[in-house]
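Here is a short set of exercises to work through with the model open beside you. Try each task before you read its solution.

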Amino acid sequence: MPTYQYACVECDERLEVVQKFTDEPLRECPSCQGQLRKVFSPVGVVFKGSGFYRTDSRSDSNGKKSSSSSSSSSDSSSSSDSSSSSSSSAA
């Protein structure tokens, strides 16, 4: 069951209550009988695994990984590098 935080509008008292999703929200402060409001705070989320970060490899629209296309271009450049280095060593 989720824990909800409430704050009193009148006396600024804060309280936490464990409630079901189907329970009605609290409306009255137990201390001063003033009006309560729900307090919303950011949720702590931890992303584990691959695929959550910009630096992770992604698939392009064809379903192929983008890293495979870059490796094919590096293969062609490495073959041209080896041919240029052999011709320069012969000279």
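**Exercise 1. Surface and burial.** Find the accessible surface of the protein, and state what share of the surface belongs to carbon and sulfur atoms.

*Solution.* Bear in mind that this is a predicted model. The accessible surface comes to about 7500 Å². Carbon and sulfur atoms hold 51% of that area. Next, turn to burial: the protein has 91 residues, of which 12% count as buried.

**Exercise 2. Fold pattern.** Work out which pattern of helices and strands the protein follows along the sequence.

*Solution.* Begin by counting elements: there are three strands and one helix. Then put them in sequence order, which gives β-β-β-α. To finish, look at the contacts with a separation of 6 or more: 29% of them join residues 24 or more positions apart.

**Exercise 3. The core.** List the residues of the largest nonpolar core, and find which element gives the most to this core.

*Solution.* Start with the members, seven in total: Tyr 4, Tyr 6, Cys 8, Leu 15, Val 17, Cys 29 and Leu 36. Now sort them by element: strand 1 (3-8) and strand 2 (14-18) each give two or more residues to this core. Strand 1 gives the most, with three residues. Finally, take Tyr 4 as a sample member. Setting aside residues up to four places away in sequence, Tyr 4 touches Leu 15, Glu 16, Val 17, Gln 19, Lys 20, Phe 21 and Lys 38.

**Exercise 4. Cysteines.** Determine how many disulfides the structure holds, and explain why Cys 29 has no bond to the closest cysteine sulfur.

*Solution.* The count is zero disulfides. For Cys 29, the closest cysteine sulfur is in Cys 8, at 3.8 Å. The cut-off for a disulfide is 2.5 Å between the sulfur atoms, so that pair is too far apart for a bond. Cys 32 is in no disulfide either: the nearest cysteine sulfur, again that of Cys 8, lies 3.6 Å away. Now compare the surroundings of these two residues. Cys 29 is buried, with a relative accessible area of 1%, whereas Cys 32 is partly exposed, with 34%.

**Exercise 5. A residue of strand 3.** Is Val 39 buried or exposed? Which residues is Val 39 in contact with, leaving aside neighbours within four places in sequence?

*Solution.* First, place the residue: Val 39 belongs to strand 3. Its relative accessibility is 18%, and buried means under 20%, so Val 39 counts as buried. Beyond those neighbours, Val 39 is in contact with Gln 5, Tyr 6, Ala 7 and Arg 14. As a distance check, the C-alpha atoms of Val 39 and Leu 15 are separated by 9.6 Å, although the two residues are 24 apart along the chain.

**Exercise 6. Backbone and loops.** Locate Asp 12 and Gln 33, and give the phi value of each.

*Solution.* Asp 12 sits in the loop between strand 1 and strand 2, with phi near 60°, a positive value in a residue other than glycine. Gln 33 sits in the loop between strand 2 and strand 3, and its phi is also near 60°. At 49% relative accessibility, Gln 33 counts as partly exposed.

**Exercise 7. A surface patch.** Identify the residues that form a nonpolar patch on the surface, then examine Val 45.

*Solution.* The patch is formed by Val 43, Val 45, Phe 47, Phe 52 and Tyr 53. Together they have about 560 Å² of accessible area. Val 45 is in the loop between strand 3 (36-39) and helix 1 (66-90). With 52% relative accessibility, Val 45 counts as exposed.

Definitions and conventions: Residues are numbered from 1 along each chain as its sequence is written. This is a predicted model: local features need pLDDT of at least 70, side-chain atom pairs count only at pLDDT 80 or more; totals for chains, interfaces and linings use all residues. Side-chain values use heavy atoms; hydrogens and water are left out. Patches are made of residues with over 30% relative accessible area and no salt bridge: like charges are joined within 9 Å, nonpolar side chains (Val, Leu, Ile, Met, Phe, Trp, Tyr) within 5 Å. Accessible areas come from the Shrake-Rupley method with a 1.4 Å probe; for residues, only the protein chains shown count as cover. A salt bridge is a side-chain nitrogen of Lys or Arg within 4 Å of a carboxyl oxygen of Asp or Glu. Helices (H or I, at least four residues) and strands (E, at least two) are DSSP runs, numbered from the N terminus. Buried means under 20% relative accessible area, exposed over 50%, partly exposed in between (1.4 Å probe, protein chains only). A nonpolar core is a set of buried Ala, Val, Leu, Ile, Met, Phe, Trp, Tyr and Cys residues joined through side-chain atoms within 4.5 Å. Contact means heavy atoms within 4.5 Å.
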